[in-house]
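Hi,

Here is the structure I promised to send over. Have a look at it first, and then read on for what turned up.

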Protein chains: 4
Amino acid sequence: MINRVVLIGRLTKDPDLRYTPNGIPVATFTLAVNRTYTNQQGEKEADFINCVTWRKQAENVANYLNKGSLVGVDGRLQTRNYEAQDGRRVYVTEVVAESVQFLEPKNSRTNAPEKDEPLPSDGYGDPFGDSDDPIDVSDDDLPF
Amino acid sequence: MINRVVLIGRLTKDPDLRYTPNGIPVATFTLAVNRTYTNQQGEKEADFINCVTWRKQAENVANYLNKGSLVGVDGRLQTRNYEAQDGRRVYVTEVVAESVQFLEPKNSRTNAPEKDEPLPSDGYGDPFGDSDDPIDVSDDDLPF
Amino acid sequence: MINRVVLIGRLTKDPDLRYTPNGIPVATFTLAVNRTYTNQQGEKEADFINCVTWRKQAENVANYLNKGSLVGVDGRLQTRNYEAQDGRRVYVTEVVAESVQFLEPKNSRTNAPEKDEPLPSDGYGDPFGDSDDPIDVSDDDLPF
Amino acid sequence: MINRVVLIGRLTKDPDLRYTPNGIPVATFTLAVNRTYTNQQGEKEADFINCVTWRKQAENVANYLNKGSLVGVDGRLQTRNYEAQDGRRVYVTEVVAESVQFLEPKNSRTNAPEKDEPLPSDGYGDPFGDSDDPIDVSDDDLPF
DNA sequence: TTTT
DNA sequence: TTTT
């Protein structure tokens, strides 16, 4: 069925690069997408949208983007859920970025090798949290 | 900035119609959007995407759609957060449906007047939950 | 660069299935996409958009769709130009349908074998015209 | 019905600003959208897509963009046709840009007052040609 | 050259 | 908490 998302926005922080147990690169990042309308209080004028990308694209994202980079994303919406430490079920809606277009002159990141840590052996965790909650996602679930 | 979502899917249950304190209709519904690829286990083959729509469109959705209805949605992604009963902050990503296209022969719902209950006076609550958590959204935040 | 089109509309006539010299199936069809606004005269209330699709998708389109079928299309815009019989250059803007979603209960076409004629040996012609103008498109130009 | 186009590309030349007989601004421009795939010959690697925009957006486009400017466009596909000088009917497919996002630091154009000539009194002509063919489009047909 |  |  049709499921299409197109966004232009800026990374709220440096992208996060990890690897599945099988060695497939996964990059996650959050886009701030400014709204066109302004509310009366002038507050909450952006949406913050979590994105995931895989393989070569993931490596490019990690190598060439950083906090503040302007990008275009073409992808699709995905929902998943996982069990948090406290046993609650957490529901996640995120964009799987099939293509990421860099909209600024190349500005290669200074290497941040601490980002290249492997994933926990049983999944890719909560890619947008600070914790490392394992979740039930394996290589079999890779979207492409 | 560009923020565009287009979906085709089926309502997972009847839409929910409420009203803001100022009397503006808000309908919420969840779309099951089947994925094109199939994972090896044959499991989790759909995404479940929460949608909101306002005003006339909200009333049409409530009047003409029900569980299982096939629709096309053109809209944008929105993020919000609100405080749950237990004090945790809950982050929500949903689609604001600017237009909803009905893709099946009209099949007017039998009236379900219990759906037309007003919202709590301080916001439109957690539109996708069963509870009535008030959240800090007022008429000033209406997207159009 | 980002180039994305999503449409819902009805086929203005039966799709046209041809083959490149190398045997790759190409289906073309035109979608009538009704406009949401109505002009004062009530005239010209639809856009008529030419679409192309390739390979397996082309065969499915030819086998399962006909005049009046309702479909969703996810694809991209493409421009090409070719020389007409009278020497003029003709510019074409069309949608390359990467995915076509059938939105109506299967209603398998009665076979129309005269549609399955091969393309002229030097290209796929003007797929939306009645003539068979050869154009400078070869298998090398296939978009996927 | 759903009709959505999102593009990122560069203006192939300065935008063209005109006015309808009723004084409504119309800007036209062509976007070069680079393809992601490369054909074997390395030729024809972009699509050239005609766009129209109206009113305030038209004036902004004319004031702030020029040849080479990078923009994002969110809009819809439109088809029209008009009679050429030689009596042939010309079919046009173009994008009505509902929003145009400037993707480069402001670089205000030097005024090009010769662009601000009014339209012929009976329509907005062939906005992408060099000629001034009148066509049967009046203010009544304005899309918004 | 246009669909329900 | 999920639709055909």
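Start with the rotation axis that links chains D and C: in chain D, the residue that comes closest to it is Val5(D), with its C-alpha at 2.2 Å. One thing to keep in mind throughout is that this is a predicted model.

That axis comes from laying chain D on chain C, which takes a turn of 180° and a shift of 0.0 Å along the axis, and the RMSD is 0.0 Å. The two copies are therefore related as by a two-fold rotation axis. Both copies also use the same surface, since 97% of the contact residues of chain D recur in chain C.

Now for the D–C interface itself. On each side the count is even: 37 residues of chain D are in contact with 37 residues of chain C. Between them the two chains bury about 3,000 Å², and 50% of that is on carbon and sulfur atoms. On the chain D side, Met1(D), Leu77(D) and Thr79(D) lose the most area to chain C, together accounting for 23% of what that side buries.

What about charges and polar pairs? Between chain D and chain C there are zero salt bridges, but twelve residue pairs are in polar contact across that interface, counting pairs with both residues at pLDDT 80 or more. As for where the touching residues sit, the elements of chain D that give two or more residues to this side are strands E1 (3–11), E3 (25–34), E4 (46–54), E5 (70–83) and E6 (89–102).

Chains C and A tell a similar story. A rotation of 180° with 0.0 Å of shift along its axis puts chain C on chain A, with an RMSD of 0.0 Å. In chain C, Arg4(C) has the C-alpha nearest that axis, at 4.4 Å. Here 100% of the interface residues of chain C are also interface residues in chain A, so these copies meet through the same surface.

You may also be wondering about the cysteines, so: how many disulfides does the structure hold over all chains? Zero. Cys51(B) is in no disulfide, and the nearest cysteine sulfur, in Cys51(A), is 18 Å away. Cys51(B) counts as buried because its relative accessibility is 0%. Over in chain D, the sulfur of Cys51(D) is 18 Å from the closest cysteine sulfur, that of Cys51(C), which is too far for a bond. Cys51(D) is buried too, with a relative accessible area of 0%.

Cheers

Key: Residues numbered from 1 in each chain as written. Chains lettered and ligands numbered in written order. Predicted model: local features only at pLDDT ≥ 70, side-chain atom pairs only at ≥ 80, totals over all residues. Heavy atoms only, no water. Least-squares fit on C-alpha atoms with pLDDT ≥ 70 in both. Contact = heavy atoms within 4.5 Å. Disulfide = S-S within 2.5 Å. Buried < 20%, exposed > 50% of the residue type's maximum accessible area, 1.4 Å probe, protein only. Buried area = accessible area lost by both parts, 1.4 Å probe. Salt bridge = Lys/Arg side-chain N within 4 Å of Asp/Glu carboxyl O. Polar contact = N/O pair within 3.5 Å; in protein donor to acceptor, adjacent residues only side chain to side chain. Helix = DSSP H or I, 4+ residues; strand = E, 2+ residues; numbered from the N terminus.
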